[in-house]
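I opened this one to see how the chain is put together, then picked a spot to look at up close. Notes follow in the order I looked things up.

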Amino acid sequence: SSQRTLASKTGANSAPDAYLATLLANYSALVAGVKLDPLRAGELLRQAVEVDPTNAIVLSMQADYMEHVAHDNEAAEERYHRAASLAPDNPDILGAYAAFLAHTRGDLET
């Protein structure tokens, strides 16, 4: 749609994109926890980030998935860093990033 094209050019995301991204991310948690389908959960998170790449909560959820399910700490750190940069006042995201750094490197400085 023209709205999506404009949003992609300006870097802005529409409210429906943010809602869809969050919905996909939350559904991925349900799929991973209830249906025990981590591959599907990872795919849903990838789609959520694709829909809204500036959604810090979705990026943080994907980082958690990369850390705990995919065991890809490099990818997890990149996503945690992006999420923290997008939402520097969000205590949940900052706390998750700090816990990740403490666990993987024993380092709370970025």
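**Notebook: overall, then one helix, then one loop residue**

I started with burial: of the 110 residues in the protein chain, 35% are buried. I'm working with a predicted model here.

Next I pulled the secondary structure and got six helices and zero strands. Reading from the N terminus, the order is α-α-α-α-α-α.

I then checked the contacts with a separation of 6 or more, and 44% of them are between residues 24 or more positions apart. For the surface, I have about 6600 Å² exposed by the protein chain, with 57% of that coming from carbon and sulfur atoms.

I zoomed in on α3, residues 38-51, which is 14 residues long. From first C-alpha to last I get 20 Å, close to the 20 Å expected at 1.5 Å a residue. I listed its buried residues too: A41, G42, L44, L45, A48, V49 and V51.

After that I moved on to N55, which sits in the loop between α3 and α4 (56-68). Is N55 buried or exposed? Its relative accessible area is 10%, which is under the 20% cut-off, so N55 counts as buried.

What does the side chain of N55 reach? I found the backbone nitrogen of I57 at 3.2 Å from it. I also logged a polar contact of 3.1 Å between the side chains of N55 and T22.

Last lookup: leaving out residues up to four places away in sequence, N55 touches A18, A21 and T22. T22 therefore turns up twice in my notes on buried N55, as a touching residue and as a polar partner.

Methods:
Residues numbered from 1 in each chain as written. Predicted model: local features only at pLDDT ≥ 70, side-chain atom pairs only at ≥ 80, totals over all residues. Heavy atoms only, no water. Helix = DSSP H or I, 4+ residues; strand = E, 2+ residues; numbered from the N terminus. Expected span 1.5 Å × (residues − 1). Buried < 20%, exposed > 50% of the residue type's maximum accessible area, 1.4 Å probe, protein only. Contact = heavy atoms within 4.5 Å. Areas by Shrake-Rupley, 256 points an atom, 1.4 Å probe, with all protein chains shown as cover. Polar contact = N/O pair within 3.5 Å; in protein donor to acceptor, adjacent residues only side chain to side chain.
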